[in-house]
Amino acid sequence: MSAFRAAPAGVFELQRSSSFRAPAPSKYQNEEAQGEARREARREGSDYGGEEEDEEEEVDESVREDMTKLEDTFPGISERFRLINRIGEGTFSTVYKAEDVLYDHYQNEWDVFARAQQQEAWPGPPAKRRRMDSPSAGGPKVPRYVALKKIYVTSSPIRIQNELELLHDLRGCKSVCPLITAFRYQDQVVAVLPYFPHSDFRIQYRTFMVADMRHYLRSLMTALQSVHEHDILHRDIKPTNFLYNPDLKEGVLVDFGLAENQGAEYTSQCLCAHQTYVRRSRILSSYYSKNPPSLGLSNGYPKNDSRPSRRANRAGTRGFRAPEVLFKCTSQTTKIDMWSVGVILLTLLGRRFPFFNSADDIDAMIEMSSIFGTRRMKTAAAMHGQIFETNIPTIGEKGYSWEKLVKWSSCVEDLTESEQQATRLLAGLMELDPSKRLSAEEALQHEFFVDPIHHDVEWGGNPESGDSGEEEDAGDDEADEVAML
Ligand SMILES: Nc1ncnc2c1ncn2[C@@H]1O[C@H](COP(=O)(O)OP(=O)(O)OP(=O)(O)O)[C@@H](O)[C@H]1O
Ligand SMILES: [Mg+2]
C-alpha cells in the first residue's frame, strides 16, 4: 500500500491526509509524560488530573482495563490520544472515543466541525472544560475527539488494507466519515476517524416524523451517491453503520470493512447481466422449463447433482441483504446497498426494529416471499438463473402492497399523505429486480425529496396491538401476472 511508509521498531503509519508539522521536542517529551500519567491514573482507577481532564464520562471498570491494555500493548498510542471510552464493539473491531492530544501539530482538513465552528455555523459539541492555551485558535481550546477503530487481529491483512484504501479513495465525499490516519504495531491496526456525535437508532426510530426520515435518508443517499460514483459497494448498509445526528440533520457513513469495488468479485456473469433475449433462451432451454412441476414431477433436490455449487459474495448483515444476494447473483451491483436503504425506510415507516429477523438466508427468503408472494419471487429467482419453490402454505401467491404492510406494521388505520409519499419511495427501493431499483442519484430526485408533502402527524400507534395481518388479495395492480421473463 503506497500510502504506508515503513517506520522503525515495527510501527508504521498511514500518512495523515494533511501534512505533519513536527512538534518541538520539549512539547513531545511533555506529551509522553502526560501519556504515561494518564495510563498510570487509569491503572489506579483514578482520573488523570492533567489539563485534558475535561471529559467526565462514566466508564466501566472492564472498559478501563480494556483501554489500558490497548495503551500498554500499542506503543506510542497514549502519547497521541487520550482514550475516553469504548463506543462500539462490532464483529470486526472495537471502537474507542479519544481526544486527539496532538491535534494542533497537524493540519486538519478533515475536521468539518472545526470549519463549521470557524464559520459559526455549528456551535460544536458542548465541552465541560476548555483549555486556554490553544496556539492556533487564539481563544479557549476545544478538545478534539476522534474515534479509534481497533481492527481485530483475526481480520485478514487484505481485508484491513481494503477498508483503509477504500476510505482513502473516498476522502472528501460528503457524508462519508473520512480516515484521518492509521497505525500498525505488529499485528494490531488502529484506524483514526473523526468522532461523530450521533444518536442511537434504536431509541430514535419510533419518534421519527416523516420530515426526520427525509433528513436521515437524504444524508444517507448523498453518502451513497458518492460511494457508488466511485463504483464502490458498501455491502453493509444498516443503522449502526450510519451515524446520524438529529440536531445537525446530517449523518456519516462508516464501516467499509465489507466494501468492495464493483466487479472485483465477479467470477462468472450472472444471468441477470445478460440481454433479455439471452436470458429468455437460457430459461426456456433449462431442465426446469422442459420438465415443469405441472407435469407431475415432484419438487426437490436432484439426486447426485454433479453441478458445481454456486459461489457468490453474501457478505452483509442478516435482514439487510438484497434478494439478489440471497439468490447468489454473481454480478452484484451498487443496487444491493439501495435495498438495504429500503429496509431502513421500512423500519422507520413500520416502526419495527429489526424489521426482518431471519436466522439464515432461507429464513430471509421466507420473510421476503411472505411480503412479495411466490409469483414475484419466482420471477426474481429466474433472473439469476435460480428456481424458487416453496410448499409453505402461509405464503400466498400474490403478496401484499407496501401500503398495507406499513399500516399493519405501524398499527395505524390510514397513512398520512407524507407517509404515502414515503411509501412510494419505499416501493422504488425495495424492488426485487435490481435493474429497476432506484439508484441513489434517482432516489434523491424522487418526489419525496424534491416535492415533499408536509402532512406529518406524530405516530401514536402501539406496535403490540393491531390487526392479525391476515393475508388479503393485494389487488391486480399490486400483483400483476408476472411473466418469468
Ligand atoms: N467516527 C465515529 N464516530 C463515532 N462513533 C463511531 C465512529 N465510528 C464508529 N463508531 C461507533 O462504533 C460502532 C462500530 O463501528 P464500525 O461499524 O466501524 O465497526 P464494526 O466492527 O465493523 O461494527 P459491526 O460489526 O457492528 O458492523 C459504530 O456503530 C458506532 O457506534
Ligand atoms: Mg459496523
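**Strand β4 and the shell around ligand 1**

Seven of the eight residues in strand β4 (residues 93-100) are buried, which leaves the strand mostly covered. The model is a predicted one. Strand β4 pairs in the antiparallel sense with strand β3 (residues 81-89) and also with strand β5 (residues 145-151). β3, β4 and β5 are among the elements that give two or more residues to the shell around ligand 1.

**Pairing with β3**
- Seven bridges join β3 to β4.
- The connection from β3 to β4 is a hairpin of three residues.
- Across this pair, Arg-82 stands opposite Glu-99, a residue of β4.

**Pairing with β5**
- β4 and β5 are held in register over seven bridges, again antiparallel.
- Val-95 has Lys-149 of β5 as its bridge partner.

**Shell around ligand 1**
- The ligand is surrounded by 20 residues, and the closest are Gly-88, Gly-90, Val-95, Ala-147 and Asp-255.
- Two or more residues of this shell come from each of β3, β4, β5 and β7 (188-194).
- Val-95 thus appears twice in this account: it is among the closest residues to ligand 1, and it is the bridge partner of Lys-149.
- By type, the shell holds eleven nonpolar, seven polar and two charged residues.

**Position between domains**
- Ligand 1 lies between domain 1 (8-194) and domain 2 (201-299 + 310-484), because both give residues to its shell.

Definitions and conventions
Residues are numbered from 1 along each chain as its sequence is written. Chains are lettered from A and ligands numbered from 1 in the order in which they are written. This is a predicted model: local features need pLDDT of at least 70, side-chain atom pairs count only at pLDDT 80 or more; totals for chains, interfaces and linings use all residues. A residue is buried if 20 or more other C-beta atoms lie within 10 Å of its own, exposed if 12 or fewer, and partly exposed in between; C-beta atoms are placed from the backbone. Helices (H or I, at least four residues) and strands (E, at least two) are DSSP runs, numbered from the N terminus. Two strands pair if DSSP finds at least two bridges between them. A residue is near a molecule or strand if its C-beta atom, placed from the backbone, lies within 6 Å of it. Ala, Val, Leu, Ile, Met, Phe, Trp, Tyr, Cys and Pro count as nonpolar, Asp, Glu, Lys and Arg as charged, and the others, Gly among them, as polar. Domain bounds come from an automatic or database domain assignment.
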